[in-house]
Amino acid sequence: MLFLAAEPSAALTPTIDQAVLWAIMGCPLAAWGLIALYLRKLPAIAGYAAILGIGAAMLLSYVTLFNVIDASGGVAQYTREWFTAGDLTVPIGVRVDGLTAVMLVVVTTVAFLVQVYSTGYMQGDPGYGRYFAHMCLFTTSMLGLVLADNLFQMFIFWELVGLCSYLLIGFWFHKPSAAAAAKKAFIVTRIGDLGLLAALLLVWTRAGTFDVTAIQEWAASGEAKSALVTLFALGLFAGAAGKSAQFPLHVWLPDAMEGPTPVSALIHAATMVAAGVYLVARFFPVFEASPDAADVVAWVGAITAILAATMALVQTDLKRVLAYSTVSQLGYMMLSLGALGYVAAIFHLFTHAFFKALLFLGSGSVNHATNTFDMQKMGGLRKHMPVTYWTFVIGSLSLAGIFPLAGFWSKDEILLDAWRHDRALWAIGAVVAFMTAFYMFRAIFLTFHGTYRGGEPVDHHDPDNHFHGDPAHPHESPWAMKAPLLALAIPSIAAGWFAYDHMFKDFIEAALPHEGHHGSSFEIGIAVSSTIIALAGIGTAYVIYIRRWVDSSSIRATFAPFALVFERKYFLDDLYEGLFVRNIFYRGWCRLLETVDRRIVDGVVNGIGQVGRAASSRLRAVQVGEVQSYGLGVAAGVIIIFLAVIVANPL
Amino acid sequence: MNGIDVLGPQISVLVAAGVVLVADALFPGQRRLLPFLALAGLLTAALWTTSWVGRGDYQTVFDGTIVLDRYAVFFQYVFAGVTATVILASIDWVNREGRRQSEYYALVLTVCAGLMLLAGARDLITIFIALELSSIPQYILAGWGKDAKSSEAGLKYLLLGAVASSLLLYGMALLYGVTGTTILPEIAAAIEAGGESYRALLVVAMTLLIAGFGFKMAVVPFQMWVPDVYQGAPTPVAAFLSVGSKAAAFAVAIRVFFEALGADFLSSDWSMIFAVIAAVSMTLGNLMAIVQSDIKRMLGYSSVAQAGNFLVGLAAISVAGEEFILGASGILLFVAAYAFTNLGAFVAVIAISQRINSDRIADYAGMWKTSPFLALGLAFCLVSLTGIPPTVGFWAKLYVFNAAVRADLVWLVVIGVLNSVVSAYYYLGVVRVMFLGEPGTEQRFRASPSIAVALTATAAGVLLFGILPMPLMSAARDAVEVLAR
C-alpha cells in the first residue's frame with residue numbers, strides 16, 4: 001500500500017483512514033446488493049435498506065468533511081496498483097481533499113433525503129424495490145466518481161453513472177416517452193463521453209499517467225505543448241458538457257423529467273449533472289494552463305445559461321421549468337469556471353444542490369396532491385399545502401439570489417468573477433439572473449396563488465396510474481415527504497454563510513496544487529446590483545401574474561416569434577432528431593446502404609425468382625444468382641485494393 | 001520423437017472425433033453421452049497444451065513448417081474453449097434435430113483440429129491445408145439444418161469459400177514464385193535480399209492474401225456472405241463461424257503479414273489497406289446492423305463491425321518493436337474478449353430463439369420477465385460488445401485503440417470511437433426491448449443446464465476479465481513477444 005504525501009501547498013494532510021473512504025462507497029453498494037438479491041419483492045424493507053446504506057455513507061462523509069476541515073483542506077491520497085500490462089499501469093485509489101469532501105457531503109445528504117422522500121412518493125409503485133436498488137447503485141457510482149484519484153477510475157464510474165441514470169429515467173418504462181427519454185439521455189451524454197475518452201487516450205499516451213495530481217502538474221508545468229493541453233482540456237469539457245447538459249448537448253435533460261420526481265431531484269439537480277462541473281473543477285489547473293479552453297468553457301456556459309433561461313420562461317410544466325432552470329444554473333457554474341472562478345463555481349454547485357433538490361421535491365409534492373405537473377391546472381395551493389408552499393418559496397428566493405439566502409452568496413461570487421474577467425459575461429449573467437427570478441416567481445404565482453383549477457382527474461382505467469387521493473381536493477403530503485423539504489430548507493437558507501471569512505474559499509483552494517487567486521469574495525456594488533436585478537424579476541412576475549396589469553397572453557402575442565422559438569426549444573430537438581437522426585442518418589444513409597446491400601446486390605435475382613418459379617427451382621436460382629453477385633463483389637474488392645495501392649504508391 | 005507430439009492436441013481432438021463416430025455406431029442407445037466424449041477430447045487437448053506451458057518447451061518441427069510457441073499456445077486455448085462452448089450450446093439443438101448426432105460433433109471437432117493446426121502453422125502450404133481442414137466441415141455444418149434456408153446458407157458459404165480459397169492459393173503461388181520458398185521467415189529473408197524489384201508481383205500476392213483472409217475475417221468488401229449465412233445456418237454453427245474462423249484468420253494474418261511480408265516497402269502498403277478496410281468495415285457493419293430486425297442478421301453485421309476493430313490492431317503492427325507488441329497483443333486480447341462476449345451473446349440467442357421460435361428482435365420483448373437469467377446474460381454481453389466498462393470488451397477496445405494512436409493512426413481511432421457510439425444504438429436497443437418491453441406471454445422458462453453452463457462461463461469471463469484484465473493482457477503480450485524478434 002502506497003501512501004502519497006500531500007501537496008507542498010497544503011500544510012496538513014487529513015488523517016482519515018482509507019477504510020472510511022472505501023466504506024463511503026461500500027455502504028450504498030451493500031444496500032444495492034441486498035435489495036437486488038433479496039429485497040426486490042419485499043418493498044417494506046427495501047426502502048429502509050437504502051436509507052440505511054446511504055445514511056451510513058452520509059455519516060461517514062461528514063466524518064471525512066470534519067477531518068479534512070481539521071487539516072485545512074489538505075490532500076490525502078491512497079493509491080495502489082490495480083494492474084500493469086506492458087506500459088499500461090492502471091492505479092486504483094481514493095483521494096480526499098476539500099473539493100472531494102464537499103462533493104461527498106452534497107451527494108450523500110441529498111441522496112439520503114431523497115430516499116426518505118421516496119418512501120412516501122413511490123408508495124404503492126409496483127417497481128418499488130427495483131427503484132431503490134437503482135438509486136443505491138447510482139449513489140455508489142457517483143461517490144466512486146467523486147472519490148477517484150485518477151482519470152481512469154473516474155471514467156469507469158462516469159460510465160456507470162450514465163448507465164444508472166438510463167435505468168432511472170426509464171424507470172416507468174411502459175411509458176414510451178420515458179423509454180425514449182432514457183435512450184436520448186444515454187446517447188447524448190455518450191457523445192460527450194467520446195471527448196472524455198479521447199482526453200483519456202491523449203493523457204495516457206502523452207503524459208503517461210492517469211493520476212489527478214500528476215495530470216494537473218503536467219498541464220501546469222508547461223512541459224506539454226499548449227495545443228496539446230488545450231485539446232485535452234476540450235476533451236474533458238466535452239464529457240462534462242454531456243453530463244452537465246451544456247449547449248448543444250443540453251437536449252436530454254428536460255426530457256429526462258419523465259423519470260420519477262425524486263430521481264430528478266437527485267440526479268438532475270444535485271449529483272449527476274454536477275459531475276461535469278466537478279470534472280472541470282477537478283482538472284481546473286489544466287484549464288488555467290489553457291486560456292483558449294477556458295474561454296470555450298466560459299462562453300458555452302454563458303450561452304447555455306441564457307438559452308435555458310429563455311426556454312424556462314415559457315414552460316407550462318412545473319417540472320420542466322425546474323429542468324431548464326437547472327440547465328441554466330449549470331451554465332452559470334461553467335461560466336464561472338471558464339472565467340477562472342473556481343471557488344465561486346464550486347460554491348454555487350454546493351448551494352444549488354440543496355435549493356434545487358428542494359424545489360424538485362416540492363414539485364413532486366405538488367404532483368402528489370394534484371396528479372399533474374401542468375401549472376395551468378393548479379393555482380391556490382398555498383392554502384392546502386403550507387409546508388410545500390413555504391419551502392418552495394425559500395428555494396425560489398435562494399435560487400433568485402435574495403439576501404441572505406444561500407443562492408445570493410454563491411451567485412454573487414460568480415457575477416463578481418465574471419465582472420472581473422469579461423464584462424460581456426457579466427452582462428449575460430445579469431440578464432439570466434433577472435430571468436431566473438422572473439420564471440421562478442411566475443411558477444410560484446401560477447402554482448400556489450389565485451384559485452385552484454382542479455388538477456388532473458384520475459384516470460381509473462389506466463393500469464399504470466397509482467395515484468391515491470382526489471386531485472379535486474388537494475392535501476398536504478405525508479411527513480415522509482414534508483420532512484425532507486423542511487430539512488433541505490435549512491441549507492437553502494444557510495449554506496451561503498460559509499462564505500464568511502473566506503472559509504469555503506480557503507478550504508476548497510487547498511485542493512489545487514498551486515496557490516493563486518481562484519475567486520473573489522464579496523463586493524458591495526455587485527451585491528446591490530444583483531439584488532436589484534433579482535427583485536426586478538420578482539416584481540415583474542408579480543405585476544403580470546398577481547396584479548395582472550398586463551395580460552400574460554398579450555405579452556406572448558406581442559413577442560410571438562420569440563415565444564415560439566423558446567417553446568420549440570430553439571428547434572434543436574427538431575434539428576437533431578428530425579433531420580440528423582431520422583432523415584439523414586436513419587432513413588437516408590442506413591436505408592440506402594441496406595438497399596444497396598439487399599436490392600442491388602442480390603435483390604435483382606431475388607426479384608426474378610419471386611415472380612414465377614416453383615419453390616425448388618427458385619431456391620437454386622436465388623442461390624446461384626446471389627452467389628455470383630457476391631463473388632463479383634469479392635473480385636471487385638481485390639481489384640480496387642490493388643488499384644488503390646498502385647495509385648497511392650506507384651510502382 | 002521427430003516432433004509428432006507437438007501435434008498432440010490436434011491429434012487428440014481428431015481422435016475424439018473418431019471415437020464419437022464409433023461410439024455412436026456401437027452404442028446407439030447412449031447418444032446423450034456423445035457431447036461429453038467430444039468435450040473430453042477437447043480437455044485432453046487443453047491439458048496437453050498446458051503440459052508444454054508447464055515445461056516451457058517450445059520448438060519448431062517438421063522442417064520449420066509447424067511451430068510451437070506461446071503464440072500458438074494462446075490460440076490453441078482460445079479454439080479449445082470456443083469449441084467446448086459451441087458444443088455445450090449445441091446439445092439442445094442437436095437433440096431436438098434428432099438425426100446424425102455423432103456426425104455433427106465429429107465435424108465440429110474436425111473444425112477445431114484445423115483451427116488449432118492453423119495456430120502453429122508457419123508455412124504457406126501448411127496454412128492452406130489447415131485452413132481447408134477447418135473450412136470444409138464448416139461448409140457442411142452451415143447446411144446442417146433441415147430447412148431450405150440452411151441449405152442455401154451452406155451452399156453459398158461453400159461456393160464463396162471456394163472463391164476465397166482460390167484467391168488465397170493464387171497469392172501463395174505468386175509469393176512462392178517470387179521467393180522460392182513457402183516458409184514464412186525464409187520468405188521474409190528472400191524479400192529482404194532483393195524482392196523490391198518484384199514489387200508489382202508482391203503487391204498482387206499481398207492483395208490476394210488479404211482477400212483470402214478477409215473472407216474468413218468477414219471484413220468489407222468480402223463480407224457479403226455473412227448475414228445470409230448467419231441467418232440461414234443453425235445458430236450454434238453461426239456462433240462457431242462468428243468466433244472460430246474469424247479468430248483463426250487473424251491469428252494467421254498476423255503471422256503472415258508480420259513474419260513474411262514485414263519489409264518496409266510492403267508493410268506501409270498493407271498497413272494502410274488494413275486501416276482503410278477497418279474504417280469501412282466498422283462503419284458499414286454498424287450502419288447496416290442498425291436497420292436489422294432479425295437478431296442473427298444483426299449479429300452478423302455486428303461481427304463485420306467488430307472485425308473492423310480487430311483490423312485497427314492489424315493496421316498498427318507494421319513497425320517492429322513496441323508498436324508491434326501493442327497492436328498484436330491488442331488483437332489477441334480482442335480475440336479472447338470477443339470469443340467470450342460474442343459466444344455468450346449467441347448462447348443466449350440460441351436458448352431464447354429456440355424457446356420463442358423466432359429470431360425477430362421485436363419478439364425478444366419482455367424477456368427480462370420470462371427469463372431473467374438469459375436476458376441478463378445477453379444484455380451483459382451486448383454491453384461488452386459496445387465496449388462499456390466494467391466488461392472485457394472495454395479493455396479490448398481501449399488497448400487496440402491505444403496501439404493505433406501509438407502508430408499515428410489517430411484518424412482511425414476517431415472513426416473507431418465514433419462507431420462505438422453508433423453501435424451502442426443497436427446493441428442497447430436489444431437490451432431495451434428485453435428489459436422495457438412487454439412479454440407476449442407471462443410464462444417463465446428456464447435455460448437448459450448445458451446452456452446455463454455455457455452462458456455462465458462466458459459471462460463470468462466477460463465480467464472477471466473486465467474487472468481484472470491483467471492475466472489476459474499479459475498472456476496476450478507474452479504470446480506476441482515471440483514474434484517480435
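**Note on the predicted two-chain model**

1. A starting point in chain A is T261(A), which, leaving aside residues up to four places away in sequence, touches Y121(A), K319(A), F360(A), S363(A), G364(A) and N367(A). The structure is a predicted model, and these contacts should be read with that in mind.

2. T261(A) belongs to helix α10 of chain A, which covers residues 261–270. Is T261(A) buried or exposed? It counts as buried because it has 26 C-beta neighbours inside 10 Å, where the cut-off for a buried residue is 20 or more. One of its partners, F360(A), stands 99 residues away from T261(A) in sequence, yet the C-alpha atoms of the two are 6.8 Å apart in space.

3. Elsewhere in chain A, helix α18 (residues 406–421) and helix α22 (residues 524–545) have axes that come within 10 Å and cross at roughly 115 degrees, and the crossing of α18(A) and α22(A) is right-handed. On the α18(A) side the residues that take part are K411(A), D412(A), L415(A), L416(A) and W419(A), and they meet I526(A), A527(A) and S530(A) of α22(A). Sorted by class, this contact of α18(A) with α22(A) consists of 5 nonpolar, 1 polar and 2 charged residues.

4. Turning to the nonpolar interior, the largest nonpolar core has 454 residues, and those with the most contacts inside it are V280(A), A357(A) and A404(B). The largest share of this core comes from α13(B), which gives 23 residues. For V280(A), the residues touched, not counting those up to four places away in sequence, are L236(A), F237(A), A240(A), F287(A), V297(A) and L337(A). As general background, nonpolar side chains tend to be buried together in soluble globular proteins.

5. How many residues of chain B are in contact with chain A? There are 50 of them, and they are in contact with 41 residues of chain A. On the chain B side, the elements that give two or more residues are α6 (148–179), α8 (199–217), α11 (264–290), α13 (322–356), α16 (392–406), α17 (410–436) and α19 (470–481). The residues on this side of chain B divide into 40 nonpolar, 3 polar and 7 charged.

6. On confidence, chain B has a mean pLDDT of 88, with 99% of its residues reaching 70 or more, and the model scores ipTM 0.79 and pTM 0.67. A general caution applies to any such reading: where pLDDT is low, the predicted coordinates should not be read in detail.

Definitions and conventions
Residues are numbered from 1 along each chain as its sequence is written. Chains are lettered from A and ligands numbered from 1 in the order in which they are written. This is a predicted model: local features need pLDDT of at least 70, side-chain atom pairs count only at pLDDT 80 or more; totals for chains, interfaces and linings use all residues. Two residues are in contact if their C-beta atoms, placed from the backbone, lie within 7 Å. Helices (H or I, at least four residues) and strands (E, at least two) are DSSP runs, numbered from the N terminus. Ala, Val, Leu, Ile, Met, Phe, Trp, Tyr, Cys and Pro count as nonpolar, Asp, Glu, Lys and Arg as charged, and the others, Gly among them, as polar. A nonpolar core is a set of buried Ala, Val, Leu, Ile, Met, Phe, Trp, Tyr and Cys residues joined through C-beta atoms within 7 Å. A residue is buried if 20 or more other C-beta atoms lie within 10 Å of its own, exposed if 12 or fewer, and partly exposed in between; C-beta atoms are placed from the backbone. pLDDT is the predictor's confidence in each residue, from 0 to 100. Axes are lines fitted to C-alpha atoms, for helices over the stretch in contact, and angles run from 0 to 180 degrees between N-to-C directions. A crossing is left-handed if the near helix is turned anticlockwise from the far one by less than a right angle, and right-handed if clockwise.
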